[in-house]
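Student: I would like a close look at a single part of this model, taken slowly and with its surroundings kept in view. Please choose one helix and describe how the rest of the chain is arranged about it.

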Amino acid sequence: TDCYLVMRKDLAERLAGIKKEGQFSVFHKPFFNFKIVHIFRKTDFIPMARMDVVLLRITQKKDPLLTDQER
């Protein structure tokens, strides 16, 4: 029901449909909420990250926008 993932910022934005909706975000948004809850600094990692890294939170909606049959 609640998931936290550390991942590249561009991938998190694509999965969550933040800048542009894709097939994954369109299919999952009726059932889950996506939110970037933390932006890491590149220096937070050893060795230092070469890309932007974020913490993506995915939570299951209590009342999905679609029923299982509509899915």
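Tutor: Let us begin where the chosen element ends: just after helix 1, G17 takes a positive phi of about 70°. The model is a predicted one, and the values below are computed from it.

Helix 1 covers residues 9–16 and packs on the sheet, where it touches strand 1, strand 2 and strand 3, while its direction makes about 135° with that of strand 1. The sheet itself is open and has three strands in the order 1-3-2, paired in the antiparallel sense. Strand 1 (2–8) and strand 2 (32–39) stand at its edges with a single partner strand each, so one side of each of them has no neighbour in the sheet. On average, and with direction ignored, neighbouring strands are turned by 25° against each other. Strand 3, residues 53–60, pairs with strand 2 over seven bridges in the antiparallel sense, and within this pairing V54 of strand 3 is the bridge partner of I39.

Turning back to the helix, A12, E13, L15 and A16 are buried in helix 1. Viewed down the axis, the buried residues of helix 1 fall within an arc of 165°, so they line one face of the helix. The cover over these buried residues includes strand 1, helix 2, strand 2 and strand 3. L11, which also has its place in helix 1, counts as partly exposed, because its relative accessibility is 27%, and buried residues are those under 20%. From L11 to F45 the separation is 34 residues in sequence and 18 Å in space, C-alpha to C-alpha.

A12 shows the packing at the level of a single residue: leaving aside neighbours within four places in sequence, A12 is in contact with M7, I36, V54 and L56. The largest nonpolar core has eight residues, namely M7, A12, L15, A16, F34, V54, L56 and I58, and helix 1 and strand 3 each supply at least two residues of this core. As a general tendency, nonpolar side chains in soluble globular proteins are buried together.

One member of that core, F34, leads on to helix 2. A search of the whole structure finds two aromatic pairs; in the pair of F24 and F34 the ring centres are 6.3 Å apart and the planes stand at 65°, so this pair is edge-to-face. The pair links distant parts of the chain, with F24 in helix 2 (residues 23–28) and F34 in strand 2, 10 residues apart. The two rings belong to residues of unlike exposure, since F34 counts as buried at 17% relative accessibility, whereas F24 is partly exposed, with a relative accessible area of 37%.

A last residue on the sheet completes the surroundings. T59 is found in strand 3 and is buried, with a relative accessible area of 17%. Not counting residues up to four places away in sequence, T59 touches T1, D2, F31, F32 and N33.

Taken together, then, helix 1 lies on the sheet in contact with strand 1, strand 2 and strand 3, turns one face, lined by its buried residues, to a cover that includes these strands and helix 2, and is followed directly by G17 with its positive phi.

Key: Residues are numbered from 1 along each chain as its sequence is written. This is a predicted model: local features need pLDDT of at least 70, side-chain atom pairs count only at pLDDT 80 or more; totals for chains, interfaces and linings use all residues. Side-chain values use heavy atoms; hydrogens and water are left out. Two strands pair if DSSP finds at least two bridges between them. Helices (H or I, at least four residues) and strands (E, at least two) are DSSP runs, numbered from the N terminus. Axes are lines fitted to C-alpha atoms, for helices over the stretch in contact, and angles run from 0 to 180 degrees between N-to-C directions. Contact means heavy atoms within 4.5 Å. Buried means under 20% relative accessible area, exposed over 50%, partly exposed in between (1.4 Å probe, protein chains only). Rings of Phe, Tyr and Trp (its six-membered ring) pair if their centres lie within 6.5 Å; planes under 30 degrees apart count as stacked, over 60 as edge-to-face and the rest as tilted. The arc is that of the directions from the helix axis to the C-beta atoms. A nonpolar core is a set of buried Ala, Val, Leu, Ile, Met, Phe, Trp, Tyr and Cys residues joined through side-chain atoms within 4.5 Å.
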